[in-house]
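Welcome! Let us walk through this structure together, going from the whole chain to a handful of its residues.

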Amino acid sequence: AAYEAALTEWTRERVPLDWAATQNNLGTALQSLGERESGTAKLEQAVAAYQAALTEWTRERVPLDWAMTQNNLGTALATLGERESGTARLEQAVAAFEAALTERTRERVPLDWAMTQMNLGNALSSLGQRESGTLRLEQAVAAYAAALTERTRERVPLDWAMTQNNLGTALATLGERESGTAKLEQAVAAFQAALTERTRERVPLDWAMSTGNQGEALSLLAERTGDLAMAEAALAQIRIAGQVMRDGGHDPFADYYAGQVPLAEARVAALRP
């Protein structure tokens, strides 16, 4: 409401750059609302606000503001894409992030570059999970690896850990689609790295996510290698992840891990003599 009030006087005709800045800020508020609400109306409004901002915050006039808005637009589109079927919104998100990276370069703004690389990785990973083949997932892995060159453990430990977790997820999906164990082993290592900073004491729900994700990768790895002890440990990880999510009030993730338990149990049973 405050941003909309501002726009009644900060008009495009009178102060175009202030109008664009306010449109961007309005988009950010609408996006935050949209992430907390079901449906897509607020997210659609956020997309419209970012697109309005870009009519004055052009690449030629204010390149880094333009890039920031492209990044924000990509994030809203990616969230819409997660809630909708098909891949159109996710494709648009990838295009927005790639546009942002033309100005958000590693040399100029390394942490913003790394953030956008991670966002690009997330959109590519979501696309890869919906599409057959492995190209998008390979591109996601490359984007996460790029992000980690600046999102280091020393500089931004929790952002580093989140990126390691997301890298692990893309690698695990690749590992499911490919024969052998190399990608699954890399996924397990990425989740293990994430857990060095995502501790249960510091961020219990993030710890549970990385623990559960690693458990899923370990369960499949155990099936492929015939390792009963690994399969049993993986099952225990998935169970505790679901319980911590449940205790923390995050029922969607708790339900997800609960749904993974029977598969992990079946793998244990199949490996027992």
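A residue is called buried when its relative accessible area is under 20%, exposed when that value is over 50%, and partly exposed in between. Please keep in mind that you are looking at a predicted model. With those cut-offs in hand, we can start with the chain as a whole: buried residues make up 48% of its 273 residues.

What is the chain built from? It has 12 helices and zero strands. Read from the N terminus, the elements run α-α-α-α-α-α-α-α-α-α-α-α. The radius of gyration is 21 Å, close to the 19 Å that the globule rule gives for 273 residues, so the chain is as compact as a globular protein of that length. Along the principal axes, the C-alpha atoms fill a box of roughly 80 × 35 × 35 Å.

Next come the contacts and the surface. Among the contacts in the chain with a separation of 6 or more, 60% are accounted for by residues 24 or more positions apart. The chain exposes about 12,700 Å², and carbon and sulfur atoms supply 52% of that area. As for charge, the chain has 26 positive and 36 negative charges, and the mean positions of these two groups are 1 Å apart.

Now let us pick out one helix, α5, which covers residues 88-100. Its 13 residues reach 19 Å from the first C-alpha to the last, close to the 18 Å expected at 1.5 Å a residue. Which residues of α5 are buried? They are Arg-89, Leu-90, Ala-93, Val-94, Ala-96, Phe-97, Ala-99 and Ala-100. The cover over these buried residues includes α3 (41-54), α4 (63-83) and α6 (110-130).

Arg-89 is a good residue to stop at in helix α5. Leaving aside residues up to four places away in sequence, Arg-89 touches Glu-44, Leu-77, Leu-80, Gly-81 and Glu-84. Asn-122 is 33 residues from Arg-89 along the chain, and their C-alpha atoms are separated by 13 Å.

From here, find Gln-117, whose place is in helix α6. Buried or exposed, how does Gln-117 count? Its relative accessibility is 12%, which is why Gln-117 counts as buried. Beyond residues up to four places away in sequence, Gln-117 touches Leu-101, Ala-143, Ala-146 and Ala-147. Leu-235 is 118 residues from Gln-117 along the chain, with 33 Å between their C-alpha atoms.

Another glutamine to look at is Gln-164, which lies in helix α8 (residues 157-177). Gln-164 has a relative accessible area of 11% and is therefore buried. Which residues does Gln-164 touch, not counting those up to four places away in sequence? The answer is Leu-148, Ala-190, Ala-193 and Ala-194.

Our next stop is in a loop: Glu-56 is found between α3 and α4. With a relative accessibility of 11%, Glu-56 counts as buried. Setting aside residues up to four places away in sequence, Glu-56 touches Arg-12, Pro-16, Leu-17, Trp-19, Ala-20 and Arg-61. One of these, Trp-19, is 37 residues from Glu-56 in sequence and 8.3 Å away in space, C-alpha to C-alpha.

Finally, turn to Ala-233 in helix α11 (residues 228-247). Ala-233 has a relative accessible area of 38%, so this residue is partly exposed. Ser-219 is 14 residues from Ala-233 along the chain, and their C-alpha atoms are separated by 8.3 Å.

Methods
Residues are numbered from 1 along each chain as its sequence is written. This is a predicted model: local features need pLDDT of at least 70, side-chain atom pairs count only at pLDDT 80 or more; totals for chains, interfaces and linings use all residues. Side-chain values use heavy atoms; hydrogens and water are left out. Helices (H or I, at least four residues) and strands (E, at least two) are DSSP runs, numbered from the N terminus. The radius of gyration is taken over C-alpha atoms; the globule rule is 2.2 Å times the number of residues to the power 0.38. Buried means under 20% relative accessible area, exposed over 50%, partly exposed in between (1.4 Å probe, protein chains only). Contact means heavy atoms within 4.5 Å. Accessible areas come from the Shrake-Rupley method with a 1.4 Å probe; for residues, only the protein chains shown count as cover. Lys and Arg count as positive and Asp and Glu as negative; His and the chain ends are not counted. The place of a charge is taken as NZ of Lys, CZ of Arg, CG of Asp or CD of Glu. The expected span of a helix is 1.5 Å times one less than its number of residues.
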